[in-house]
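Reader: I am new to this structure. Could you walk me through the reasoning behind the words used for it?

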Amino acid sequence: MEYNPTYNPFSLKGKTILVTGASSGIGRATAIECSKLGAIVIITGRNSERLQQTYDSLYGLGHLQIIADLNNLEDLTSLVNQVPILDGVVNNAGIAKTQPISFIKEEDLQKIFATNTFTPILLVKQLLRKKKINKNASLVFTSSVSAIKSDLGNSVYGASKAALQSYVRYCARELAPKSIRANSIHPGMVNTPLITGGAHSDDDLQTDAQKYPLGRYGRPEEIAWSIIYLLSDASAWITGHSLIIDGGISTLI
Ligand SMILES: NC(=O)c1ccc[n+]([C@@H]2O[C@H](COP(=O)([O-])OP(=O)(O)OC[C@H]3O[C@@H](n4cnc5c(N)ncnc54)[C@H](OP(=O)(O)O)[C@@H]3O)[C@@H](O)[C@H]2O)c1
């Protein structure tokens, strides 16, 4: 048999994919990598300048950018009304805040759960009700390794991501009759503004990165490639799965 250079079950050609949190970090890398693999991407975020930077980095034509604060129901509804029918949704927007248990503020609790847990649930609900999700579509949710293992000061974040992971398993079961798949990904620490702008100094982060069996934190593209696997037809029989991508850190627990 002759080698066929066009054979690629991981291709996203012909697929339209919505990526939330696309103005930064993992979401930006995911949008760019999806476009390189042939997808039309709809990118969304709050910050118009950063979202434009992502838009300008996309490959191919036909992409769309939509500014939305997903914690605002009006923005979320307007986003759903504007998107075309989707073959993939990457529910990726998220926030983190390090705080010891005795210092948890109710305001932070509400905001972290609203962004990380409630918003993806409401977004999927609205997309389904407005028939914006195609048969055979794939829904991917960015959870975290913090849903599975515990770090000091990350209890609310970890709980919000564990709740999301649990929702994804229900979502997978309920949507399977429509041939819609749902999976979560669980990154360890990845070099993005989420961690570099957080409570830890660069020195602390470098020391922590050495604890990873693979000796470093992840790169946003390395998470994007796993998301792409779950979006592509190569994973057509995978649903309800929690994919850990963490340089081996969860093997230490
Ligand atoms: N980096 C890590 O180590 C790590 C590890 C595990 C899991 N994760 C998860 O990966 C996802 C992406 O994180 P990241 O590291 O790429 O963070 P990031 O660089 O800070 O990006 C976060 C993205 O979420 C968007 N966002 C936040 N709140 C939003 C809201 N209310 N409405 C709309 N968009 C909102 C931001 O939009 P604007 O910039 O426009 O505000 C930004 O595009 C998050 O769910 C995070 O929890 C990250």
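Author: Gladly, and please keep in mind that this is a predicted model. Let us start with one word: a residue is called buried if 20 or more other C-beta atoms lie within 10 Å of its own.

Reader: With that in hand, why is helix H1 called largely enclosed by the rest of the structure?

Author: In H1, 11 of the 12 residues pass that cut-off and are buried, so the helix is largely enclosed by the rest of the structure. Among the buried ones are Gly25, Arg28, Glu33 and Cys34.

Reader: How do you know what span to expect for H1?

Author: The expected span is 1.5 Å times one less than the number of residues. H1 covers residues 25-36, and for its 12 residues this gives 16 Å; the helix reaches 17 Å from its first C-alpha to its last, which is close to that value. Just after H1, Gly38 takes a positive phi of about 100 degrees.

Reader: What makes Ala39 and Ile228 contacts of Cys34?

Author: Two residues are in contact if their C-beta atoms lie within 7 Å. Leaving aside neighbours within four places in sequence, Cys34 has such contacts with Leu12, Ile17, Val19, Ala39, Val41 and Ile228. Cys34 is also one of the residues that touch the most other members of the largest nonpolar core, which has 49 residues. Helix H8 (residues 220-231) gives the most to this core, with six residues.

Reader: Which helices each supply at least two residues of the shell around the ligand?

Author: H1 and helix H6 (193-196) do. The shell has 28 residues, with Gly21, Gly25, Gly94, Thr192 and Leu194 the closest.

Note on methods
Residues numbered from 1 in each chain as written. Predicted model: local features only at pLDDT ≥ 70, side-chain atom pairs only at ≥ 80, totals over all residues. Core = buried A, V, L, I, M, F, W, Y, C linked by C-beta atoms within 7 Å. Helix = DSSP H or I, 4+ residues; strand = E, 2+ residues; numbered from the N terminus. Near = placed C-beta within 6 Å.
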